[in-house]
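Trainee: I should like to examine this model with you, beginning with one helix and then turning to the core and the pocket.

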Amino acid sequence: MSNPDNDEPPILAKFGSVIVDHEGSQLIQKTCIYIFFNCLICLSGVVVLAINGSVANAIIPVIFVFFAIKRIDGLIKGQIKDIIKITQMIWSILFVSGCILAIFLFLQVSSLLTPEDTRILPIGIVITFQLLPMLLIYYGTLLLIRTKRSTGFRLEVAARQKLYSDYRRWLER
């Protein structure tokens with residue numbers, strides 16, 4: 001808590017800062033990087049949609065990226081109070097990655113069943129594009145398990161939330 005004579009604001013947590021627990025801080029950083037990487041993938045899809053002339057369809061991914069970046073900022077600063085929201089974000093990314101993987105698996109099976117000269121995509125390209133959703137699902141699952149098991153993660157989120165509430169009280173005085 002800040003001194004009443006001191007007019008400086010209380011500190012806010014930053015991306016690399018450790019408030020209480022180093023392991024919890026590392027999990028927060030990994031979660032933010034995971035969500036940010038998914039945002040970059042989503043924005044690359046927006047570029048593809050814009051190039052193909054589907055600018056109206058690109059609005060939804062842009063809105064998703066805006067809210068995801070807002071959640072990342074909230075997680076870093078301590079605005080997210082509930083760990084369930086963090087796990088819900090990871091679950092939603094896992095679900096979307098699973099849907100993308102299912103689409104690629106469907107394309108691969110349909111390509112294998114059609115004659116070679118009428119295939120939609122070559123099998124090598126389909127297999128290559130399957131690797132990214134598979135890696136996202138794997139890393140997201142590991143991250144989800146670690147955040148659920150880690151007490152340091154809970155302590156770090158609570159400490160960041162305390163810093164943010166001190167900062168809000170300082171602003172309101």
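Trainee: Which residues of α2 are buried?

Mentor: This is a predicted model, where local features need pLDDT of at least 70, side-chain atom pairs count only at pLDDT 80 or more, and totals for chains, interfaces and linings use all residues. Residues are numbered from 1 along each chain as its sequence is written, and side-chain values use heavy atoms, with hydrogens and water left out. Helices are DSSP runs (H or I, at least four residues), numbered from the N terminus. With buried taken as under 20% relative accessible area (1.4 Å probe, protein chains only), the buried residues of α2 are Pro-61, Val-65, Ala-68, Ile-72, Gly-74, Leu-75 and Ile-76.

Trainee: Why does the length of α2 agree with its number of residues?

Mentor: The expected span is 1.5 Å times one less than the number of residues. The 19 residues of α2 should therefore span 27 Å, and its end C-alpha atoms are indeed apart by 27 Å.

Trainee: Which residues does Ile-35 touch, leaving aside those up to four places away in sequence?

Mentor: Contact requires heavy atoms within 4.5 Å. On that basis, Ile-35 touches Ala-68, Ile-72, Met-89 and Ile-93.

Trainee: How do the residues lining the largest pocket divide into nonpolar, polar and charged?

Mentor: Ala, Val, Leu, Ile, Met, Phe, Trp, Tyr, Cys and Pro count as nonpolar, Asp, Glu, Lys and Arg as charged, and the others, Gly among them, as polar. The lining of the largest pocket thus divides into 13 nonpolar, 5 polar and no charged residues.

How values were computed
Helices (H or I, at least four residues) and strands (E, at least two) are DSSP runs, numbered from the N terminus. Buried means under 20% relative accessible area, exposed over 50%, partly exposed in between (1.4 Å probe, protein chains only).
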